[in-house]
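Hi,

Here is the structure I promised to pass on. Have a look at it first, and then read on for what turned up.

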Amino acid sequence: MKHKLLSFLLGGAILTSVAFAQEKKVSGRVTGTNGEGLPGVTIVIQGTNQATQTDANGNYSINVPTGKILVFRSVGYSDKTITVAQGSSLYNVQLNDNASVLDEVVVTGAGLQASRRSIGVTQTTIKADDLQKAKPTNIVTGLTGKVAGLTVQGVGSGVNPNYRVVLRGMRSLTGNNQALIVIDNIISPSAMLGNLNPDDVEDITVLNGASAAALYGSQASNGALIIKTKKGAASQGLEVTIDNTTTFENSVFLPKMQKLFGSGADKYVQIYTPYENQQYGPKFDGSNVLIGDPLQDGSTQYTPYSYSGDKDKFWETGVTNMTNLSVASKLDKSSFRFSGQYLNSTGTVPGDKYTRASARVNGARELSDKLNISYSSYYAQNRYDQTSANSSIYDAVLNQPGQIPLLSYKDWKNNPFADPSGYYNAYYNNPYFVAANNRQNIRNDYFMGNIDLSFKPLQWLDFTGRVGMTTANQSYKYTTGKYSFTPYAAGLHGSYKANNITGNVTDAFNYTTNIATDFISHATHTNGDFKFDYTLLFQFLQNQYSGMNASVSGLVIPDIYNLGNSLNNPSAGQSSYLARTFGLSGKVDVAYKNYLYLSLTGRNDWVSILDPDHRSFFYPGVALSFVATDAIDGLKDFEPLNFLKLIANWSKVGQVNVGSTSTFGAYATVPTFSQGSGYPYNGVGGFTIGNQIVQPGLKPEMTRSIELGFESQWWNNRITANATYFNNRTTDNTVPAIISWATGYSNYLVNAGITTGKGIESKLTVTPIRTQDWDLTVGGNFTYIDNRVEAVGAGLTQLALGTYGGSTGSYAIAGEKFPVIMGYGYNRDPQGRIIVDKNTGYPTKTESLINMGPAMPTHTLGLNLSLSWKDLTFYTSAEYRTGNYIYHRGASTFDFSGSGINTVGYDRERFVIPNSILLG
């Protein structure tokens, strides 16, 4: 698999705002509450990039269309907005001191909102401006390095890979550890992350832990990403925006290869072998050498015996063009926004292509003073045309001998030396041929829609009804072309040319539909210094999947990829899954004197995939927020400190884990049958029961979570410092215990495992410079996570989570970090010295697997820098992860082939292994 570790981004953005009004120059003076002019105040035309700043005396001027809104913004002061009227050009503005930003209203969950001061859990909101600074092609990459505790990992390779989003490490031994994705208050599949238009996003709220996300039910035990999309124009009137971004992507960091030796496979003598893939031949000397065997017509190919560098240049420059169009309006009682996007991308593997087209319609309307409606609909389609043999290509390229002119083999259809029959290598096929001959064409169509109706019959009482649907339809075709080697080629060196490629085709389609319905009632009242809020939420979730696939091998006619183009019988499969969840949540919020807040939550879920007698489970939570700067007189008068908030919370959240997320766990607790091997036979069908039985009364995995933390701002809000300590403990992990085949089964699914997690999340942002022309903001976040396995249970001390072509892989081991990589290492004596075989001189290998180290990072540092001079802004972000190990399956092939840098130690002369000892 090819790893793309770094992408170069060149963003060319063309932003056009069309204003249907006359533009004029307005000016004025901005002062503070003391009447003195304020320098460096930013004045921006809402919804545009047009802005200016006040001079040293607080004076400003700006050209602005009539009817537009000007926003006046300065650190340490509350924002102020004015609407530019037809007959006025002078606007003097007074900004009020902003002693605290805690009155900002933020999303808390299930569509509910609250002031920042009242929230007793850890959550982070990323605004659209911060998300879009580097013009990412998807929203996930825009989050990298911005949120403490958030880990974003690419899954797979090629154009538009899927992403895995994890908050605070892993909790479940065998279940889902990814954060819940919620888009416009509707629970959505994680696949939507790579198919959303980043330009549609208004903000993303990250709920770091189970306490924050408890209202979303058992699916949110790993935290949640709450994505809110834009509903209309930023200001009154009509806005039209067009922008284009071009991204260039290169493979920069590749495994280090040796550049000194060429083809040869003799164990003791360096002899050049023209057709050999191994690189244990003589040192490069620049002479002309033969490549491969002569062709059938006697043609031969020669090349200089020196490092060509072609295998470093195999990977192409990927180019992505993204064009966005939006039309938005805002009136007194309604708003509307339409957006469209077209993205075209080519990958770094030759021939890989990807396109995405999307359209969104969002809006809101005030039907009366008591009734409001909002709606959102989104359609996206993507099309992939890419190779299905990334791993084979990666191996073939990186294991090429260094003298081979690999780039000359691109035209394999017309170049006889590039054709598979004439290709020089006796062990690896031409990677250009492999890429072209193994293809996958994938078609995905996504639709998401929801409608939200809010009714407020009384000042203290309101109701909200919401229904939403997300559906994904996929069809794909995997093909391998038919190719017959010539008899002459089949009789040459190597084995793969003796076996013709018979060709195959797979056709499949499936759909997934997720329906979510919420009903929320909310009431509030005040009694003296106390304010009470009561919330009741009913939720219904339904997840449905259906799919079919068929495949056949042995094509009769080349290049016709039809299931009927074979003398063999096709194999086929079909599956359907349906799961439902009913949830009932209650929440009571109590505020005392606007500085002390207590929040009590409770939720009960009824989950269809569990046993009927054990489908119901309850989980509670409590959170406390204390605004110290509003409560303690000594802090009120402490000028350097703008605000200080302390938080503490405890929660218990369940997660049902009885099957993979793609099947929703449906039917996992009941016996299921499949067609037996060799059936149907002689017209008779035969079915066999599955190999797993389930513990009666299997329970959800329960995560107990505790958080303690603070949020603060200093020196006119120029410094922000936050920190959170968290401690999780997950019990009743679902573990597949191995049982005797004499029972008729091989696995017994039980509640047994226990995992723990603790750590620190911190954030520091500093704005050292803010003047009329200059603005410099430096931010960083640091995360420490220690996830461990307390017990595997079911008589097990370790559990294989995923292995890579053998026993080496990811494991859960009682008493160790979670997860760890297990593999074979060197035998060592008590002093740590490598034990060498006295006969061969080679290190001796351990007889069993050893713990190589943790697989997940324990320390993560994110850095962000923004430097602005007038209208020009430079922005960069980075993330550094450490404390973990990565298993590279290709490393062993690099050693075997002689292409790896490790194989040229000591210039391939005999040497004694450092820190080693002979025993016996």
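Of the contacts in the protein chain between residues at least 6 apart in sequence, what percentage join residues at least 24 apart? The figure is 66%. Before going further, please keep in mind that this is a predicted model.

First, the overall picture. The protein chain has 47 strands, along with 9 helices. Along its principal axes, the C-alpha trace spans about 90 × 65 × 65 Å. For 920 residues, a compact globule would have a radius of gyration near 29 Å, and the 32 Å of the protein chain agrees with that.

Next, inside and outside. Of the 920 residues, 48% count as buried. The accessible surface of the protein chain comes to about 42,200 Å², and carbon and sulfur atoms account for 55% of that. As for charge, there are 71 positive and 67 negative side chains, and the centres of these two sets lie 1 Å apart.

Now to the aromatic rings. Searching the whole structure turns up 30 aromatic pairs. One of them is Tyr60 with Phe72, an edge-to-face pair with 5.5 Å from centre to centre and 80 degrees between the planes. This pair links distant parts of the chain: Tyr60 belongs to strand E5 (residues 59-65) and Phe72 to strand E6 (residues 69-73), with the two residues 12 apart. Are these two rings buried or exposed? Tyr60 is buried, at a relative accessible area of 5%, and Phe72 is buried too, at 0%.

Phe284 and Tyr305 make another pair: their ring centres are 5.0 Å apart and their planes stand at 75 degrees, so this pair is edge-to-face. Here, too, distant parts of the chain are linked, with the two positions 21 residues apart. Phe284 sits in the loop between strand E18 (237-249) and strand E19 (288-291), while Tyr305 sits in the loop between strand E20 (301-304) and helix H3 (310-313). Why does Phe284 count as buried? Its relative accessibility is 18%, and the cut-off for buried is under 20%. Tyr305 counts as buried as well, at 3% relative accessibility.

One last thing to find in the viewer: which residues form one aromatic cluster with Phe530? They are Phe532, Tyr534, Tyr592, Tyr595 and Phe626.

Over to you!

Methods:
Residues numbered from 1 in each chain as written. Predicted model: local features only at pLDDT ≥ 70, side-chain atom pairs only at ≥ 80, totals over all residues. Heavy atoms only, no water. Helix = DSSP H or I, 4+ residues; strand = E, 2+ residues; numbered from the N terminus. Rg over C-alpha atoms; globule rule 2.2 N^0.38 Å. Buried < 20%, exposed > 50% of the residue type's maximum accessible area, 1.4 Å probe, protein only. Contact = heavy atoms within 4.5 Å. Areas by Shrake-Rupley, 256 points an atom, 1.4 Å probe, with all protein chains shown as cover. Lys, Arg positive; Asp, Glu negative; His and termini not counted. Charge placed at Lys NZ, Arg CZ, Asp CG, Glu CD. Phe/Tyr/Trp six-rings, centres within 6.5 Å; stacked < 30°, edge-to-face > 60°.
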